[in-house]
Amino acid sequence: MHQVQLTAYAYLFRQLTDELEAGLEIRSLIKTKVPKIEYHRYAARTDSHFRRFFQIVRQYLDDLDRADFVYRPGFGCTMCDFRDGPCVAALA
Ligand code: SF4
């Protein structure tokens with residue numbers, strides 16, 4: 001679920017520091033009666049993570065160049081103004 005996000009962060013980290021990340025972590029605030037934080041840890045990214053990541057980026061840029069809209073649902077859809085209108089209409 002977080003693969004693209006984590007791989008993008010790892011790539012930027014490596015570019016900025018010239019070092020490999022020791023690992024990756026997603027921290028989620030859980031809104032229970034007594035709020036708590038959940039930690040999800042992942043290993044450093046591999047070549048295959050970066051291959052998949054740049055395939056996605058390349059495809060996205062190609063779609064933009066062709067002015068194609070390709071539905072890519074994700075977490076951002078929950079906060080998107082287009083989720084009940086133009087986005088759904090584009091799929092029809
Ligand atoms: S609902 Fe918004 S964020 Fe989700 S795919 Fe459509 S345009 Fe993109």
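Modeller: A word on terms before we start: helices (H or I, at least four residues) and strands (E, at least two) are DSSP runs, numbered from the N terminus. The model is predicted, so local features need pLDDT of at least 70 and side-chain atom pairs count only at pLDDT 80 or more, while totals for chains, interfaces and linings use all residues. Residues are numbered from 1 along each chain as its sequence is written.

Colleague: Thanks! Which residue just after α2 takes a positive phi?

Modeller: Look in the loop between α2 and α3 (86-91). The residue there has a phi near 60°, a positive value in a residue other than glycine. Just after α2, that residue is A67.

Colleague: Is A67 buried or exposed?

Modeller: A residue is buried with 20 or more other C-beta atoms within 10 Å of its own, exposed with 12 or fewer, and partly exposed in between, C-beta atoms being placed from the backbone. A67 has 6 such atoms within 10 Å, so A67 counts as exposed.

Colleague: What is the phi of D18?

Modeller: D18 sits in the loop between α1 (3-17) and β1. With 7 C-beta neighbours inside 10 Å, D18 is exposed. The residue is not glycine, yet its phi is positive, near 65°.

Colleague: How many of the residues of α2 are buried?

Modeller: Helix α2 covers residues 47-65, and its 19 residues should span 27 Å (1.5 Å times one less than the number of residues). Its end C-alpha atoms agree with that, lying 27 Å apart. The helix is largely in the open because its number of buried residues is zero.

Colleague: On to the strands: which residue of β2 is the bridge partner of L24?

Modeller: A hairpin of five residues joins β1 to β2. Strands β1 (residues 24-30) and β2 (residues 36-42) then pair in the antiparallel sense over seven bridges (two strands pair if DSSP finds at least two). Strand β1 is hardly covered, with zero buried residues among its seven. In β2, the partner of L24 is Y42.

Colleague: How far apart are the C-alpha atoms of T46 and V70?

Modeller: T46 is in the loop between β2 and α2. It is exposed, with 11 other C-beta atoms within 10 Å. V70 is 24 residues away from T46 along the chain, and their C-alpha atoms are separated by 27 Å.

Colleague: Which residues are around the ligand?

Modeller: The test is a C-beta atom, placed from the backbone, within 6 Å of the molecule. The residues around the ligand are Y71, R72, P73, G76, C77, C80, F82, R83 and C87.
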